[in-house]
Structure formats: C-alpha cells, structure tokens
2 protein chains.
Amino acid sequence: MITVDDATEILNRFSLDRRTYVELKDSFGRVLAEDIISGIDVPSFDRSDMDGYAIRDRDLGGRRFKLVGEMHAGGDRDVTIGKGECSWVATGANIPDGANLVVPVENTEKIGDDVIIYEPGKESHISERGCDIKREEVVLSKGCIVNDRNIGILAALGIKNVQVYDAPDVAIISTGDELARINDVNSMTLSAIVAQSGGLPVFMGTVTDDIYRIKQKIKEAAEYDFIITSGGISSGKKDLLPIVVSELGDVLFHRVKMRPGMPMLAGVVDEKPILCMPGNVTSCLVCGHVFLPPIIRRMAHLPFARAGDVRRARLLEAAVSEYGMRRYLPVKLVDGVAYPTFKGSSLITSIGCADGIVAIGEEETLTEGEVDVWVL
Amino acid sequence: MITVDDATEILNRFSLDRRTYVELKDSFGRVLAEDIISGIDVPSFDRSDMDGYAIRDRDLGGRRFKLVGEMHAGGDRDVTIGKGECSWVATGANIPDGANLVVPVENTEKIGDDVIIYEPGKESHISERGCDIKREEVVLSKGCIVNDRNIGILAALGIKNVQVYDAPDVAIISTGDELARINDVNSMTLSAIVAQSGGLPVFMGTVTDDIYRIKQKIKEAAEYDFIITSGGISSGKKDLLPIVVSELGDVLFHRVKMRPGMPMLAGVVDEKPILCMPGNVTSCLVCGHVFLPPIIRRMAHLPFARAGDVRRARLLEAAVSEYGMRRYLPVKLVDGVAYPTFKGSSLITSIGCADGIVAIGEEETLTEGEVDVWVL
C-alpha cells in the first residue's frame, strides 16, 4: 500500500505535449502553445480620439484656421495641412499629414470655410501609431490561458488562428457483470470530472468481467491519451484489472492508504497512463476528485492548485479515521457548517448532494471543530 | 444619465424560460428545469456489500452451514436458503431469499459442501432495497445545476434524457466604418464574456455606419434571445444606434454614470433586450463585465453573485474619480498589490492583461490603500 501523496507523485510523471491550431473564436479557455509576437503596430496609424479639427500646434498663435479637408474613420483619403490650415477628423480617423493636435469640435465654431478655435485643450487627443501595441512586441506568452480580455489583444493583432495545447482525450470504461442489472453511474461521474478538469471524455462503453473482453477494450482505449476504468480491482475472483494491466503493461501502484478508494490501481499501457477506480460509486467519485484534476490539468497545461478551492467550516460531528489511512469525508456546506453525507461507499447519495470533501490526514484519527473543506 | 445600479435594475426585467431535453452525458453544467422524482428503488434489490456467505442470523447458534447455492453480481439466479443453509454471494449480488446477513469470506472456511463461520461480524453487509434512493423520492429539484456528483444520482436512476433550461442565444454585432481599417476586437471580447456567463454567442458580423444596414442587421439579430452591439452610441453624426433602437423598439436608458462606458445604451427590440456597448475596446469590455453576467446568468437560470469573486488588495496608487460617476479601474494583481493598467479607453492594453477591476463609487472621488477587487 502506498500513501496518497506518493501515489500523486508517481502520477506526476505523465504529461502531454500535443499542439493544435484553433480559430480565434474557439480559443477562449485554451492554453497558448506559443508566444504571441505582434506583427503590426496598434493602432497602425496616428488616430484621433475625438471628433474635431486637426491642426499644427505651432500655429496656435492664431485662432482662425482654413478648413482644407476631412478625415473619417475607416476612410482612406489623404489630407495634408500646412500653416494656418485645419482638417475635420472624426473619432478613430487618421490624423492628416502635418497635424499634431486635435481640437475637440465643442471648442470650435465653423464660419464659412474657416474654423475658429476658442480653447485648444490640454491634450493632443491623438493615439500615436503603436502606442497600444508595438510591432515585434511579445504580447502574450506560451502557457497563457485565453480569456475575455487577452483575446482582445489577439483580435487587435488580426490573428485568425492560434496555436494551443491539445486537451487530453480520456477513454472511460465501466467494468462489471453487475452492470447487467444496475445502471452505470461511474462513467457519468468520471466524464464530468474529466470535463471540468479540462479533458475530453470519450465513453468506451461497459464490459463484463471477462478477461478477454476487458483486454480488448483497454487495447482500444490505448488509442487515447489517458484511460480510466472503474470496477474489478478488489481481491475477488472477478477482479481482473490488476491481471489485465500487468499483462498489457505495468502496474505502478495498487491499493492506496485512503478510505474510501483503497483498492485503487494505476499503471501504464502503451505508454499511456491508466487509472483503475473502484466500482463502488462513492469510492470512484472520491478517487476521481483526488487523482484526476492534477494529472488532467497537467496534461492540458492548465495550472492546478487544490488550495484555491479550500474553505473553512465547522464540522457538525467528530469524524474518526483509521490510523495510517487518509479519510475523505463528503460534506454538505450550509451556513459555514459542514454536514457529513457519507452512508456507505456503494451508495451514490453518500456524495451525490455533497458540495465539499474534508480530508483527515493519515496521522490523525479524529477531526472536529473548524476544518478545511475542499469545495467541489 | 442613469446610475449603474438603476441601469442594472432596469435590465432585471429580462428573463427567459425556454426548456429543452439533453442526453444525460451532455447535461453536465446545465440547470434542471424539472424536479427529478425517482421511478425506482436504488438498489432495486437487497444487495451484498461483500464477497461472503449469506445466512439467516437466527441460525448463528451453529457454526457449520450447508452451501446450497451461489449468487453473482449481475446474475439472475434465484436461491432460497433455509435453516442451517448458506449461499455464496459476491459483492453487488442479490441476497438469496431467506437470508438477512452476509458473513465476509475472510471470516469463513469452506470444507467440502460445508462452510464454517469463525466470526460473523457486527454488520449485516447488506444494502437493502431502496436504502440509497427510494421510489417516488424527489432526488433533485428544479434549478439545480448538474455537477459531477448529482449526475451520478441521475445515472443511478437510469435517466437517459433530462429537461434543462436553454441557455440564451446572444447575437453580437460590431458596428463602425473604422472596422474597414482596424481589426474588430469587441466581437471577440463580448463573445468570451457571453460564453463564460453561460450564454451562446452568435457572431452576426460587422456593419458600417449606414442606418439601413444597421437596421437590417438588428432585425436579423432579433431572432435570437438577446442582442449586443458595439460602436455608434456617442453623439457624432455617425452614431446611429440611438436612432435605430428608438425606431425599431424602445430605448430603456442611454448614458450611464460610469467611466469608462458612459455612452452605453439599452433598449428593447421585438421584446428582446438589446445592449449597445461603446466602440472603444476597453469601454466595451468594462460595460460587458458590469452588465452582461447578471442578465445572461438570469436568462440561463444560473445564480449570480459578484461578491463571490471579490478579493482585497492594496491599490498601488491613489485613483481619482469624477464626482457622480462610478469609475472602473482595471488592475493587475501581483502578490496582493493591484497595479492599475488603464491607459485610455480606446487601447486594448488598458485591460488586456488585467485580472481584476476596482470600482470607485459615485460618492467617492479618491480611493487608495486596501480596496475590493472584482477578480475577472
């Protein structure tokens, strides 16, 4: 038997480095697999921030300017102004050649072909070429997660496709003769944990406790990046997964010092990690929460920090653990109180409405009062 | 001009109550639109929790039992045991008629056709029919979000399809002649905010500052549940959205006491809400974060609480606000310090790498020291 921490450490060896291009509109939430270097200046021209008149600041000794042109946003007209001249500029328009100052329209009056400036204002009201982003600038780094703000930077650069890390495809298999008579729960709960950890669940179906069929199914599943099974890992005659994994590849660990979830097994088949979860529905969910987020998020190049989701709460009743085993106690959180929900590892209602887990360390035997709760 | 709070209150009138059925495997993260009432007992039979021998507890005066059958998980064999008899039961198997106790195999020895019981144990090791979920029980309520745990309850009941609330389809339109020369940023940033708020963004394309074309585009967009535009809401000649919205429907408010984002407009077209964001990229993103999550999450029947994402941080430099206007200051959070990133509302780098926003209230003019930061 191995501790949870040692088991986690062993699983840290697995990673994935496959990249793909996605359209910018599909990149939200993905992880950049390349540094993004700007190919352009943003803005790509000196741009007016106001509706008004563009002039040369050194002409401000005078107040009456001759209107010689107009520039509109998106327009491609070229206007050049000289001494004592001005041009209409709309917000977002190119600044005419020669001009270096925009006087807001509200500070002016147009009289015939002339414009009178009452108050030039204190700012130039010009966004100079490259003032937002400079050409050749590294704007986003590899490993950055695309979000609603930095996607704006990518869009501003005119990027249409972006290179991101592929999320791992995760094959999910439920095993057990009992699935002929009861509904398969584990494939759904494991798929959901995989999805929220950043992986892509692929349900491979259920398989009976038949060594040939289980082997076939796992060989098929080894096409994917990661394999998760449930059931068949205890010590009964029909618990075939330990045999199958050792015959198809290597067992990395079997049995973990934790409850529920003790029978858990991990191995490698065709260089792909395989995690074999207990068939009991609550044990399977607990093992899923303990082991899947770190490995899947690492494969997806997403950061992982369990500590980010920890909240303090008062445990309603003292919880006892078996010495040397880490206990995971599902709880429902209501107004700062953690109500244990565990009734038995084969019952889905032991965790089905829980919203947190209290972990009791291997060295503790009793926990009460204020505890840390992982929020699920 | 209207305050942010009054504007938010006005938008509270919009909701959506469209339902759809999805396959259970696609229900993760969706909101149940019906109470879920169990149609079955779970387990649907008295089930053994251990590999062992099933007996009648009243026979425990003796220690030697005659083996009369075996029950396997998923099997459909019927075994009945009588006085002094036992049956093999595997974990997950049906308990034979007559038996009410399972003795774990490790506490027994098989000798020929007889089984010797050394230690009966303290528990029955039987999960009785319905002990997990009872038939007719309301297991999940309308409004519940399907997660990795409660999806297990739905799976245990054998539910294949589940009724959920439809997420709103949100039409997104970028307007402005300037889009001929600069890249469209707002459609990407707005789409991302819509998606992370629980809506389904539908990009309708860009449109020039042409009243006929804008009208056409908005009429098409009114097929969807909610319309968002950017650009064309200031007071220039080309700012046509206020006219278009008032001609096609009603303007609910125009100009909000906030910076950036002051020109914002909201209205109704064909009974659908329309929000018209400023064209300036950072103003548009700020308005998106202020106004979109509450309305989209309400339409999607998802809970919304801005307070859930607030963190305290030390603002690096004092921030000044204009009296009567709420100021939204994008910041980058590093080790508990909030560094302002704002450079100008037309520059994407004013918010592109920010990870929070500090709101300065209408009554304050200066904020410094420890502040609340909305984490984006």
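How far apart do the C-alpha centres of domain 2 of chain A and domain 4 of chain A lie? In this predicted model, the two centres are 42 Å apart. The points below take up the domains of chain A, the relation between the two copies, the surface through which they meet, one helix and the nonpolar core.

**Domains of chain A**
- The assignment divides chain A into domain 1 (4-17 + 166-299), domain 2 (25-42 + 131-165), domain 3 (47-127) and domain 4 (308-375).

**Relation between the copies**
- A turn of 180 degrees, with a shift of 0.1 Å along the axis, lays chain B on chain A with an RMSD of 0.1 Å, and the two copies are thus related as by a two-fold rotation axis.
- Among the residues of chain B, Asp309(B) comes closest to that rotation axis, its C-alpha lying at 6.2 Å.

**Interface**
- On the chain B side, 58 residues are in contact with 58 residues of chain A, and the elements of chain B that contribute two or more residues to this side are α2 (150-156), α3 (186-197) and α6 (281-299).
- The largest share comes from α3(B), which gives seven residues, while by class the side of chain B that touches chain A comprises 28 nonpolar, 19 polar and 11 charged residues.
- Because 100% of the interface residues of chain B are also interface residues in chain A, the copies meet through the same surface.

**Helix α3 of chain A**
- For the 12 residues of helix α3 (residues 186-197) of chain A, a rise of 1.5 Å a residue leads to an expected span of 16 Å, and this agrees with the end C-alpha atoms, which are 16 Å apart.
- The helix α3(A) is mostly covered, with 10 of its 12 residues buried; among them are Met188(A), Leu190(A), Ile193(A) and Val194(A), as well as Asn186(A) and Ser197(A).
- The cover over the buried residues of α3(A) includes β13 (169-175), β14 (200-207), β15 (226-230), β19 (272-277) and α6 (281-299) of chain A, together with α2 of chain B.
- After α3(A) comes Gly198(A), which has a positive phi, near 105 degrees.

**Nonpolar core**
- The largest nonpolar core has 174 residues, and those with the most contacts inside it are Cys276(A), Val358(A), Cys276(B) and Val358(B).
- Leaving aside residues up to four places away in sequence, Val358(A) touches Leu315(A), Ala319(A), Leu329(A), Val331(A), Ala338(A), Thr367(A), Val371(A) and Val373(A).

Conventions:
Residues are numbered from 1 along each chain as its sequence is written. Chains are lettered from A and ligands numbered from 1 in the order in which they are written. This is a predicted model: local features need pLDDT of at least 70, side-chain atom pairs count only at pLDDT 80 or more; totals for chains, interfaces and linings use all residues. Two residues are in contact if their C-beta atoms, placed from the backbone, lie within 7 Å. Helices (H or I, at least four residues) and strands (E, at least two) are DSSP runs, numbered from the N terminus. Ala, Val, Leu, Ile, Met, Phe, Trp, Tyr, Cys and Pro count as nonpolar, Asp, Glu, Lys and Arg as charged, and the others, Gly among them, as polar. Domain bounds come from an automatic or database domain assignment. The expected span of a helix is 1.5 Å times one less than its number of residues. A residue is buried if 20 or more other C-beta atoms lie within 10 Å of its own, exposed if 12 or fewer, and partly exposed in between; C-beta atoms are placed from the backbone. Copies are superposed by least squares on the C-alpha atoms of residues with pLDDT of at least 70 in both. A nonpolar core is a set of buried Ala, Val, Leu, Ile, Met, Phe, Trp, Tyr and Cys residues joined through C-beta atoms within 7 Å.
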